[in-house]
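Hi everyone, thanks for coming. Today I'd like to walk you through the cysteines and the charged pairs in one structure. Let me put it on the screen.

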Amino acid sequence: MIPVFGPPPGRHPYRQRHGAYALLIRDGSALVTFQLAPDCEFQLPGGGIDPGESAIAALHREVYEETGWTIGTPRRLGTYRRYCFMPDYDFWAEKICSVWLARPIRRLGPPSEKGHEAHWVPLDRLEGILADPGSRAFARALLKQIRDR
């Protein structure tokens with residue numbers, strides 16, 4: 001069973017939306033994106049998987065668009081479900097979010113997606129700044145693994 005985070009679904013028609021999101025760890029910090037609209041919030045870089053696109057291809061594309069960085073060695077950590085309104089698309093979504101651990105390799109430039117900024121955050125602050133409860137849960141679990149090593 002896939003864990004569900006956030007408020008339960010309401011009385012809306014929901015569209016299923018698959019997405020791929022990355023925990024990007026390097027040198028004791030995490031690379032995250034700060035989205036300026038519709039709400040200012042820190043997020044794991046990632047987003048929707050386009051029709052015909054693989055999760056890995058979407059992960060590489062979304063991380064580049066939202067951070068300007070290339071990534072390597074992605075490893076799938078798991079999946080969670082989240083119900084929310086997506087104002088950019090004007091619909092309610094049942095988001096199926098796959099979370100991947102990957103290594104930031106190289107910065108090619110600024111984020112190409114409007115309204116996004118790339119930020120390096122110390123690992124001990126990561127869980128506390130992420131807006132999405134599913135992202136926070138995966139960050140918490142990964143940081144526990146890192147500490148327990």
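**Charged pairs and cysteines**

Let's begin with Arg61, which is partly exposed, with 23% relative accessible area. Before going further, please keep in mind that this is a predicted model.

So which side chains does Arg61 meet in salt bridges? One partner is Glu53, where the closest N and O atoms are 2.8 Å apart. Another is Glu65, with 3.4 Å from N to O. If you find helix α1, residues 55-67, you'll see both Glu65 and Arg61 in it. They sit four residues apart, about one turn of the helix. Glu65 is also partly exposed, at 22% relative accessibility.

Now let's widen the view a little. These three residues belong to a network of salt bridges that links Asp50, Glu53, Arg61, Glu62 and Glu65. And how many salt bridges are counted in total? The count is nine. As a general reminder, side chains of opposite charge can pair when their charged atoms come close.

Let me show you one more from that count. Arg82 and Asp132 form a salt bridge through their side chains, at 3.1 Å from N to O. Arg82 is in strand β6, residues 69-86, while Asp132 is in the loop between α2 (123-129) and α3 (133-148), so this pair ties together parts that are 50 residues apart in sequence. Are these two residues buried or exposed, or somewhere in between? Arg82 comes out as partly exposed, at 23% relative accessibility. Asp132, on the other hand, is buried, at 10%.

On to the cysteines, then. A disulfide is a covalent bond between the sulfur atoms of two cysteines. How many disulfides does the model have? The count is zero.

Why does Cys40 have no such bond? Its closest cysteine sulfur belongs to Cys84 and is 17 Å away, which is too far for a bond. For those of you thinking about the bench, Cys40 counts as exposed, at 56% relative accessibility.

Cys84 is in no disulfide either. For Cys84, the nearest cysteine sulfur is that of Cys97, at 7.6 Å, whereas the cut-off for a disulfide is within 2.5 Å. Cys84 is buried, with a relative accessible area of 11%.

To recap: nine salt bridges, a network that includes Arg61, and zero disulfides. Thanks for listening, and I'm happy to go back to any of these residues on the screen.

Note on methods. Residues numbered from 1 in each chain as written. Predicted model: local features only at pLDDT ≥ 70, side-chain atom pairs only at ≥ 80, totals over all residues. Heavy atoms only, no water. Buried < 20%, exposed > 50% of the residue type's maximum accessible area, 1.4 Å probe, protein only. Salt bridge = Lys/Arg side-chain N within 4 Å of Asp/Glu carboxyl O. Helix = DSSP H or I, 4+ residues; strand = E, 2+ residues; numbered from the N terminus.
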